[in-house]
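Student: Could we go through a structure together, with the cut-offs spelled out as we go?
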Amino acid sequence: MKQAAITLAADRGRVHSPAAPPEDSPLAISGLTVSYGDKPAVFSVDATFAPEAMTAIIGPNGAGKSTLLKASLGVIPRVSGEVTVFGRPIERARERIAYVPQRASVDWDFPTTVIDVVLMGLYRRIGLVRRIGRANRDTALECLDRVGMADFAHRQIGQLSGGQQQRVFLARALAQDADLYLLDEPFAGVDAATERAIIDVLKALKAQSRAVVCVHHDLATVRAYFDHVFLINVRRIAQGTVEEAFTSENLQATYGGRLATGHIDQLSLPGQQVS
Amino acid sequence: MNPLAEALLLQAGYNAALVGIGAGLLGFAAGAAGTFLFLRKRALVSDAVAHATLPGVGLAFIVMVMAGGDGRNLLGLLAGSAVSAWVGLWLVQWMTRTTRLSEDAAIGAVLSVFFGLGIVILTVIQTMSSGRQAGLESFLLGSTAGMLFNDALIIAIGGSLAVIATWLLRRPMTLVSFDPDYAAASGTNVDRIDLAMMGLVMAVTVIGLKLVGLILIIALLIIPPVTARFWTERSDHVIWWAGIFGGVSGYVGAAISASAPALPTGAIIVLVAAGLFGLSLLFAPARGVAAAVLRHRRFQWRVHRRQGLLAMARAEPIHDPFTLRVLGSEGLVRRDGVPTDAGRAQAAKIARDERRWDVARQIHLDAGLTGRYDGLTPIEQVFTPDEIAEFDARIGGPAPVATQGGH
């Protein structure tokens, strides 16, 4: 599907796009508003994410990046807006989504082992009553192997380093064998080896025609890791391929005075030279 | 036979046997059902639920008397307590969600107001002329006097249902307790699971009211899971261990209270549970206090041993008395602080390992391995023998260590 032309900051006042979401978009959001109390954290956002691509959701702290993801998934309630996944309402497409929450969102002293966390990704398929069988365990181990954690399968999760915790969360998502992977800051506070391991897994997913959407905070790695960007600061600022939308004007519009202009130019330069 | 052994073997009479079996079953059900409450960190909500049962007991009594009944029909009283517990629970949820009150404030408000209301209603009942009101206050602290077969049957059936429901919902409840965001994102209805969790707690509270009383029931819901947590690192094992700890507490507690006159059953059960908790806190293998102290002492010992040997290798004097004691007790230094032959050999080995680590960090490419240098990990645990031989080749010659003492 063709990406819509870049939406610029000037467009921000628009309230709602009535256009029906494209059938093949892994995730299409229209008119999404989320508020904490009376203050919108995300206001009337439209977003259509590209299939078979890696998209970064970018914006300053408090811009609503994680909120956008959580509200789309129904983790937090939305005031308005519709979300479709592969052309169907999200409630009827849950099995096609895998979500990797922020590491800090759980209690790592919870009594469970690494492999048990990965098996949580299979609960939906196993159901309430059926026993967890050898085949399930093999699947979980294979997913752990893909993130380089097979040797840690029977460790208590409290013994893991931050990067290892993040890998276990990713392995749990892999166990779901989904078509759309949504990750909330997977690279936050992890070591360099883990960052490489995670990006390798994500690129492999893309190569298998899965869609990947990451909330991302490190502007320096956007070009190396992602194909598409979605810029947000409460409202949508811009969306498109990295070449189209990851420009100094859009970054300035997203971050305002918070990012030195020189810094933005430095980040955007390589891409503009290419194009 | 002494009275306690008699009670434990169910030989202390029909009533004592009923109480023992009932308390054991109740303990098992409460421990299992309370596990996820503890893991979800909502233990205190059950306290609000328990206290909120009291007005229901009183109102149910009044309604049954006005309808011309006895007023003390147990099922009727339990139904009343369930309704008012539900209202209390709903109020806690509602206040937390729609106002800025935090959950602990909402719990405090509901708990005290419902309890106060319940006491007022019970006082009013005392002044009523009709009905046989005696015995209602036993719902506060529990009572085993006059326990009937039907009472034990209610506990057995209700408790079994609670355990089965806990088992059936163990996966969604694990998911919601560990990672509610992920649970919601993968399509689990978190509110409904939370409600089910609370419903289970309420069910156990209601069936346990008569025996243990509403003030102490929270102990049976919370202490067994907390105790079980010391012994296992897996949530599904916590359920069964909590059930066993709860069951043992109930059974043994009931037996103790039956073995002597005028010992309050509910309170004794709670004290037995607390005893098991205390033992676990102190002596559990991995998480217990004793194990932690032991681990720390061993670690301290290794650090001092290593530092002492390094100082010895550099021919530096050792002043720290603990280091001298460590080295002395392993026969590495003499009483006057002079290294023994064994000490010199160990020091040379350790000095050589330090050189090996230096070389390893220069030539070995895997930062994951060289990063494991922490001063204590033996180099043989990190590198293979051929790798170590390679380091030695680079160091060259026999160990270049100043083993000759002298200052």
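Tutor: The turns below take up cysteines, aromatic rings, charges over rings and one threonine.

Student: What should be known about the model and its numbering?

Tutor: This is a predicted model, in which local features need pLDDT of at least 70 and side-chain atom pairs count only at pLDDT 80 or more, while totals for chains, interfaces and linings use all residues. Residues are numbered from 1 along each chain as its sequence is written, chains are lettered from A and ligands numbered from 1 in the order in which they are written, and side-chain values use heavy atoms, with hydrogens and water left out.

Student: How many disulfides are there over all chains?

Tutor: There are zero. A disulfide here is a pair of cysteine sulfur atoms within 2.5 Å.

Student: Why does A:C143 have no bond to A:C214?

Tutor: The closest cysteine sulfur to that of A:C143 is in A:C214, but it is 17 Å away, which is too far for a bond.

Student: Is A:C143 buried or exposed? And A:C214?

Tutor: A:C143 is buried, at 3% relative accessible area, and A:C214 is buried at 0%. Buried means under 20% relative accessible area, exposed over 50%, and partly exposed in between, with a 1.4 Å probe and protein chains only.

Student: Changing topic, how many aromatic pairs does the whole structure hold?

Tutor: The search finds 11 over all chains. Rings of Phe, Tyr and Trp (its six-membered ring) pair if their centres lie within 6.5 Å; planes under 30 degrees apart are stacked, over 60 edge-to-face, and the rest tilted. One of the pairs joins A:Y225 and A:F226 edge-to-face, 6.3 Å centre to centre with 65° between the planes. Both A:Y225 and A:F226 are buried.

Student: What is the geometry of the pair B:F230 and B:F277?

Tutor: That pair is tilted, with 6.0 Å between centres and 55° between planes. B:F230 is buried at 14% relative accessibility, whereas B:F277 is partly exposed at 26%.

Student: Which rings form a cluster with A:W108?

Tutor: Ring pairs link A:W108 with A:F110, A:F169 and B:F178. In addition, A:R172 lies over the face of A:F169, 4.4 Å from the ring centre. Such a charge counts if NZ of Lys or CZ of Arg is within 6 Å of the ring centre and within 35 degrees of the ring normal.

Student: Finally, what does A:T194 touch?

Tutor: Leaving aside residues up to four places away in sequence, A:T194 touches A:G163 and A:R167, where contact means heavy atoms within 4.5 Å. A:T194 is buried, at 1% relative accessible area.
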